[in-house]
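Hi,

Here's the structure I said I'd pass along. Have a look at it first, and then read my notes underneath.

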Amino acid sequence: MTFEATADPRGTEASGVSGPSVQSVPSGASGASGASGASGASGASGASTGGEPDEAARRLYLAILADGGRIRVADVPESDQAAVRQLVAIGLLMTNPMDACYTAVSPRSVSDRLGAELRSEATRLLVRAENLPGALDALTRAYDAMPRPPERSGGAVYIEGHTHIRHRISQLVSDCRTEVLTAQPGPRPADALKIALQQDVQLLQRGCSLRTIYQPVAMSEPPALAYADEVTRRGSLIRILDEPIQRLMIFDRSVAVISATDDHSTAAFISDPAAIAFIVNAFERDWARADATDWSAALTQGPAHNAPDRVGRLLARGLTQRAVATRLGLSERTVAAHISRLRDRYGAQTLFQLGWLMRGGRDA
């Protein structure tokens, strides 16, 4: 989720505006409190395996039970050493050094012990979660007191400069609690997608919803398809609309961000409730017309699902120009422009010849 300019076809970013550089935090990283906590500890209790042996360890345990519940250390083959170590770590086998053997332990006692440990750990985590807001209270107050652009009721705040725009958007991303709606026209630079992936994953992990509308050209590159596949697997929704759209971001239906200049060097941050409602309704109308896509399949098949290719596939099936326009929800003028590019690509003089060539007529 970024507010960058469309990528320049010569390989540079037209305005250099990209989204807020929000650093990702690994899910297992401990906070400033230093509490990597007992949740990361495994030890001899077998927490590293969650108290559940894998299939090889299960087979070995059952074989030991069938042999009377014990096995000599010297009788354990090399292929079963890893399974033995796992069973010992979990507690299902106990080492008997006096008799140089392993003795089976009741799974019931192991379950009771590990269950008590997990419940205790869950209690510690709940207490930590309850105490965390208080521990960060001073930092929260300092963040809320940070100077921000003045909020003028009933109007819009205009922010100039790419750096200042990115900074303000990063604050909105951080403050977002429920929903983000975005529209992103044009292709997206790879660097902007990396930033977007970091902050969008964090947003989704916080439980916020994220819906995005793209134009087909925006998803015509492998990095864009990989981004879409990753965020949709985490709960984001992305649709494709083959119509002109304007760059837009809406946070919690309380602040909307739109470009105020063609080069995106100035952005308007709108907070007027009536204006927000109008912008949200426009987004919802576009969303209803946009097409859902199987992004995992698109990533596997490659970026062949842009507008001209979709037009071409329908032409190859024998549809007329008007039928293609109706099927894709495009104007006939837009379809005609795509057909013109396809004719140039295939060297076709007529629509009939183009359809014939796209059905494999070259090799007939």
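**Notes on the sheet and a helix pair**

Let's start with two strands: strand 6 (residues 209–214) and strand 7 (residues 237–240) run parallel to each other and pair over 4 bridges. If you want a spot to zoom in on, take Ile 213, whose bridge partner in strand 7 is Arg 239. Keep in mind as you look that this is a predicted model.

Now for the whole sheet. It is open, has 8 strands with mixed pairing, and follows the order 4-10-9-8-5-6-7-11. Which strands stand at the edges? Those are strand 4 (156–160) and strand 11 (291–292). Each has a single partner strand, so one side of each has no neighbour in the sheet.

There's also a helix packed on this sheet: helix 5 (residues 162–175). Helix 5 touches strand 4, strand 8 (248–251), strand 9 (255–259) and strand 10 (266–270), and its direction makes about 30 degrees with that of strand 10.

Next, the helix pair. Helix 12 (residues 332–346) packs with helix 13 (residues 351–358) at an angle of about 60 degrees, and their axes are 10 Å apart. That angle is why helix 12 counts as oblique to helix 13. The crossing of these two is left-handed.

Who makes the contact? On the helix 12 side you'll find Ile 339, Leu 342, Arg 343 and Tyr 346, while helix 13 brings Leu 351, Leu 354, Leu 357 and Met 358. Sorted by class, that contact has 7 nonpolar residues, 1 charged and no polar ones.

Cheers

How values were computed:
Residues numbered from 1 in each chain as written. Predicted model: local features only at pLDDT ≥ 70, side-chain atom pairs only at ≥ 80, totals over all residues. Heavy atoms only, no water. Axes fitted to C-alpha atoms, helices over the stretch in contact; angles between N-to-C directions. Parallel < 35°, antiparallel > 145°, perpendicular 65-115°, else oblique. Left-handed = near helix turned anticlockwise from the far one by under 90°. Contact = heavy atoms within 4.5 Å. Nonpolar A, V, L, I, M, F, W, Y, C, P; charged D, E, K, R; others polar. Pairing = 2+ DSSP bridges.
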